[in-house]
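Visitor: I have a model open in front of me and would like to learn how to read it. Could you walk me through it?

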Amino acid sequence: MTQVLLFALISLIKTLGLIFLIILPMVSYTVYAERRVSAMIQDRLGPNRVGIPLTLFGLQKDIPFFGLVQPVADAVKLLLKEDFTPNHVNKFYYWLAPACAMAPSMMALAVIPFGSQLWGEPMVVANVNIGVLWVFAVSSLGVYGIVLAGWSSNSKYPFLGGIRSTSQMISYELSLALSVIPIFMICGTLNLSEIVRYQTVHGWLISPIWIKGISLFPLSINGQEIIHSFHILKIILWIPLFISFIVFTISMFAETNRLPFDLPEAETELVGGYHTEYSSMKFALFFLGEYAAMIVGSAVIVTLFFGAWHVPFLPTAIDDPYTFWGVILGLIHIAAFFVKVALLLLLFIWVRWTLPRFRYDQLMRLGWYFFIEIALVNVFIVAVILPFMRE
Amino acid sequence: MPYTVSRPKLTFSEKAYFPAIFAGLGITLRHFINILSGKKKVTMQYPEEKWDQNLPAHYRGAPTLVRDEHGRERCVACQLCEFICPPRAITIHPGEIPIEDRWRKVEKFPQEFQIDMIRCIYCGLCEEVCPEQAIFLRKDYAITGLTRQEMVHDKKKLYELGGVMTGLVHKWNDKK
């Protein structure tokens with residue numbers, strides 16, 4: 001009984017720590033980064049003023065601090081705004097939709113291994129074998145938030161946004177799931193922690209070579225050597241894996257409603273898209289939900305292709321987790337994971353401020369004519385290569 | 001006459017999107033790095049950096065009254081500026097110069113001269129119409145106040161902003 005309680009307590013601490021200490025601040029600062037990076041791409045400066053308001057306490061000058069306090073000001077602004085519910089909406093679903101947009105992204109985080117271990121505890125909230133399936137199942141629930149918002153708003157622009165979101169999801173979910181099947185064929189498991197362990201031994205799935213010495217451990221699982229470090233098959237295998245990375249990343253852009261696939265909210269066509277009728281904190285939940293989905297998407301990409309928390313040249317296993325160095329190493333692994341996620345988020349932002357929006361039929365064509373076929377053929381290519389690796 | 005515009009034939013690399021996408025990413029990255037490293041500077045951070053030194057000679061800022069080189073007020077309260085002012089920002093209460101005064105020839109002076117800076121549109125017609133060259137648009141542009149009353153410039157404030165402007169004005173010349 002105490003063991004169950006202890007397990008529940010530890011899981012709770014991990015969940016709350018992950019969400020409140022890492023993900024929510026990361027969401028706010030992704031918004032800040034988006035504003036600063038977009039500004040600099042457009043030769044502007046972005047928010048660089050909000051800092052420590054010393055003038056409020058009677059001092060002469062504020063400290064600008066690169067505008068890093070901007071997210072706090074934004075949150076205060078959104079909380080203080082009038083929360084307006086129009087008369088013509090379906091109240092129940094109207095109130096439900098923002099929660100539906102935010103919650104799934106948080107839930108999907110449960111299976112992501114965001115660190116090796118800390119004090120002997122594996123840094124993953126739920127180490128379950130369905131792993132990636134859970135991520136796909138839950139993150140596609142996020143579309144319900146958008147559809148419900150579009151439908152319950154009882155207004156034409158949100159409705160169009162909701163419809164677009166539905167069809168966009170149908171076109172992209174397939175290639176999203178199909179594109180990563182090669183990974184599961186290679187690793188032989190759906191468990192994300194196992195996939196990461198495979199990558200610590202055999203190299204990140206995105207890299208074509210893996211030099212001996214980067215990993216301090218012999219290149220084998222269960223004493224059976226599967227891939228040599230410089231084996232030609234690793235380079236051959238890299239080609240379909242790279243294709244699968246490209247397809248998966250682009251599908252992730254569509255999944256998270258980011259430009260160039262942000263059709264559900266297309267400001268230029270649909271006013272505000274699905275959140276036209278929303279204000280104040282309900283709008284903020286949609287907004288934060290989009291960024292949380294981005295973070296989860298990046299986390300999945302990092303886990304599947306970039307070796308999650310693995311840092312080259314650093315030991316992967318922590319021998320004695322209770323010593324000082326064991327804890328430090330665990331923290332370095334967590335930091336490495338989120339640095340990789342942050343870099344991918346920068347890519348998301350960079351792409352958003354470069355590419356124009358795809359037309360609706362172009363998006364459908366891309367999804368149905370190209371990505372599903374590419375992903376399927378990719379699966380077969382890997383299936384052909386794999387038997388030669390397991391001689 | 002209707003005519004057909006032939007669609008451009010796209011090459012394979014154009015159809016494949018990727019070359020164009022990477023070219024675009026390169027352009028945005030270049031802009032990002034140039035601004036980040038400070039190699040290119042576009043924004044002037046206003047309250048800290050100002051453009052005041054580079055204001056052109058013809059810049060139209062706040063309208064002010066000026067004195068001449070003898071410290072005499074130039075305005076003769078002819079009220080032409082009051083009449084021409086499109087938003088009616090100027091109010092003048094003319095007074096009479098007493099008969100024993102040296103400048104009785106001029107007859108009038110402004111007892112009170114007010115410019116409502118909330119109304120003023122900085123068009124410069126007052127300066128243009130003034131026969132005595134008594135009103136000039138100076139280069140002050142940040143006219144602020146906490147109350148409406150504060151935003152009405154009275155005679156004292158106008159002379160304070162205007163200062164001295166030298167130059168011949170015939171009206172004040174005894175010989176003319």
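**Two helices side by side**

Guide: Let's start with a pair of helices: α3(A) and α11(A) run roughly parallel to each other. Keep in mind that this is a predicted model.

Visitor: At what angle do α3(A) and α11(A) pack, and how far apart are their axes?

Guide: The general idea is to compare the N-to-C directions of the two axes, and an angle under 35 degrees counts as roughly parallel. Here helix α3, residues 91-108 of chain A, meets α11(A) at about 25 degrees, and the axes are 8 Å apart.

Visitor: Is the crossing of α3(A) and α11(A) left-handed or right-handed?

Guide: Left-handed. On the α3(A) side, the contact is made by P98(A), A99(A), A101(A), M102(A), S105(A), M106(A) and A108(A). From α11(A) come K282(A), L285(A), F286(A), L288(A), G289(A), A292(A), A293(A) and V296(A).

Visitor: How do the residues of that contact divide into nonpolar, polar and charged?

Guide: Between α3(A) and α11(A) there are twelve nonpolar residues, two polar and one charged.

Visitor: Staying with α11(A), which residue there has a positive phi although it is not a glycine?

Guide: That would be S280(A), with a phi of about 55 degrees. S280(A) sits in helix α11, which covers residues 280-305 of chain A.

Visitor: Is S280(A) buried, partly exposed or exposed?

Guide: The trick is to count the other C-beta atoms around a residue: 20 or more within 10 Å makes it buried, 12 or fewer makes it exposed. S280(A) has 16 of them within 10 Å, so it comes out as partly exposed.

Visitor: And what about A308(A), where does that one lie?

Guide: In the loop between α11 and α12 (324-352) of chain A. A308(A) is another non-glycine residue with a positive phi, about 45 degrees. Try the same count on A308(A): there are 30 other C-beta atoms within 10 Å, so A308(A) is buried.

Visitor: Let's zoom out. How many helices and strands does chain A have?

Guide: Chain A has 13 helices and four strands. For overall form, set the radius of gyration against what a compact globule would have: for 391 residues that is near 21 Å, and chain A, at 22 Å, agrees. The C-alpha trace of chain A spans about 65 × 55 × 55 Å along its principal axes, and 42% of the 391 residues count as buried. Taking contacts in chain A between residues at least 6 apart in sequence, 74% join residues at least 24 apart.

Visitor: What does the same exercise give for chain B, starting with the pattern along the sequence?

Guide: Chain B has five helices and five strands, in the order α-α-β-α-β-β-α-β-β-α. The radius of gyration of chain B is 28 Å, well over the 16 Å from the globule rule for 176 residues, so chain B is more spread out than a compact globule. The C-alpha trace of chain B spans about 95 × 55 × 35 Å, and 18% of the 176 residues count as buried. In chain B, 71% of the contacts with a separation of 6 or more are between residues 24 or more positions apart.

Visitor: How many residues does each chain bring to the contact between chain A and chain B?

Guide: Ten residues come from chain A and eleven residues from chain B. On the chain A side, helix α1 (residues 2-41) gives the most, with three residues. By class, that side of chain A has seven nonpolar, one polar and two charged residues.

Notes
Residues numbered from 1 in each chain as written. Chains lettered and ligands numbered in written order. Predicted model: local features only at pLDDT ≥ 70, side-chain atom pairs only at ≥ 80, totals over all residues. Rg over C-alpha atoms; globule rule 2.2 N^0.38 Å. Contact = placed C-beta atoms within 7 Å. Axes fitted to C-alpha atoms, helices over the stretch in contact; angles between N-to-C directions. Parallel < 35°, antiparallel > 145°, perpendicular 65-115°, else oblique. Left-handed = near helix turned anticlockwise from the far one by under 90°. Nonpolar A, V, L, I, M, F, W, Y, C, P; charged D, E, K, R; others polar.
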